[in-house]
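User: Please take a close look at one part of this model for me: the surroundings of the ligand. I would like to see how they connect to the rest of the fold.

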Amino acid sequence: MDRFEAIYKRRSVRKYSEKKLSSTVLNEIEEKIKNIDKLYKNIDSKIVPAEDGETIQKTFSGLKSKIARVDAPHYLIGVSEEKAGYLENMGYMLEDAVLYLTEKDIGTCWLGSGIEHDQLKDLFDYEENTVILAAFGDSVPDKNNFRKDPGSASRKGLDDLIINNEDVPKKVKDIIDAARMAPSALNSQPWRFLYKDEVIHVYIEKKGMFKKLVRKVGDLEKLNHIDVGIALKHLEIGARHHSKKIKFIDRGRRRKGYEYITSAQLE
Ligand SMILES: Cc1cc2nc3c(=O)[nH]c(=O)nc-3n(C[C@H](O)[C@H](O)[C@H](O)COP(=O)(O)O)c2cc1C
């Protein structure tokens with residue numbers, strides 16, 4: 001399986017076998033995450049492996065995590081200083097690791113709720129702040145690590161996501177389709193795209209007052225910025241698959257009703 005196929009086959013695995021992955025595989029993963037690409041090179045950020053998943057499970061607390069906790073043999077911890085763009089940067093970085101694991105037939109699940117940020121910081125001894133977790137390992141035997149039919153994924157259509165859908169060439173739609181498949185907190189799929197002159201401008205859709213409040217309370221506002229970072233990684237992989245390169249540039253393309261994130265120049 002290559003990186004592009006991984007985008008379509010990945011799904012969230014929430015029930016894991018207790019069996020740990022071999023130390024050879026864990027060492028390979030550790031090497032990979034040491035050299036992961038950043039979206040913004042100026043942000044002090046990294047991925048810390050938690051090979052002993054129980055250490056993480058012991059920190060799960062609160063009602064949210066009782067209902068939705070995901071116990072896995074291993075986790076990745078996304079760690080970063082907090083400055084402009086750090087959430088998008090972390091989404092971009094950790095999704096690279098998640099897709100790498102998918103390529104290796106390993107199950108994964110992003111985890112944004114019930115995280116004890118400070119406790120993890122002490123346990124794993126890093127200076128920066130805990131941003132997000134991803135669980136990984138093999139799924140329980142009767143389940144599968146992958147989605148057999150990509151069409152079964154619950155996702156919005158491109159016509160909902162591309163602001164000027166009717167004016168966009170098929171080749172660009174194929175690239176954006178890779179971003180459409182990205183995982184997002186509560187499957188909220190906050191990304192929107194506007195294409196013009198070989199550039200895909202990327203936005204988050206602004207919500208009405210009520211939805212805005214819900215997003216704030218549930219931390220969804222923050223998580224949605226991580227989601228967009230994930231979609232940017234997918235966009236880049238989609239472009240490469242269709243023989244294009246992408247350069248992310250801040251074009252400051254503000255638009256009413258949307259929050260501007262960045263622009264992807266196709267080359
Ligand atoms: C930033 C982020 C946070 C998430 N947090 C959780 C979580 O706390 N618990 C959980 O079970 N799934 C979590 N998910 C997984 C999403 O619910 C899942 O990706 C989405 O429903 C789409 O389903 P799929 O991953 O199977 O394609 C999270 C995903 C993202 C991207």
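Analyst: Start with helix H10. In this predicted model, H10 gives four residues to the shell around the ligand, the largest share. Strand S3, residues 107–111, also takes part: S3 and H10 each supply at least two residues of that shell.

Now the shell as a whole. It holds 21 residues, and the closest to the ligand are Ser12, Trp110, Gly112, Pro183 and Asn187. By type, the shell has 13 nonpolar residues, five polar ones and three charged ones. Two domains contribute to it. Domain 1 (3–137) and domain 2 (154–266) each provide at least three residues.

Next, follow H10 away from the ligand. This helix spans residues 220–241 and lies across strands S5, S6, S7 and S8. Its direction makes an angle of about 155 degrees with S6.

Those four strands form an open sheet. Their order is S5-S6-S8-S7, with antiparallel pairing. S5 (191–196) and S7 (246–249) are the edge strands. Each has a single partner strand, so one side of each has no neighbour in the sheet. On average, neighbouring strands here are turned by 30 degrees against each other, direction ignored.

Look at one pairing in detail. Strands of a sheet pair through backbone hydrogen bonds, in either a parallel or an antiparallel way. S5 and S6 (199–205) run antiparallel and are joined by six bridges. As an example, Arg192 has Tyr203 in S6 as its bridge partner.

To put it together: H10 supplies four residues of the ligand shell, and H10 also lies across the strands S5, S6, S7 and S8.

Notes: Residues numbered from 1 in each chain as written. Predicted model: local features only at pLDDT ≥ 70, side-chain atom pairs only at ≥ 80, totals over all residues. Pairing = 2+ DSSP bridges. Axes fitted to C-alpha atoms, helices over the stretch in contact; angles between N-to-C directions. Contact = placed C-beta atoms within 7 Å. Near = placed C-beta within 6 Å. Nonpolar A, V, L, I, M, F, W, Y, C, P; charged D, E, K, R; others polar. Domains from an automatic or database assignment.
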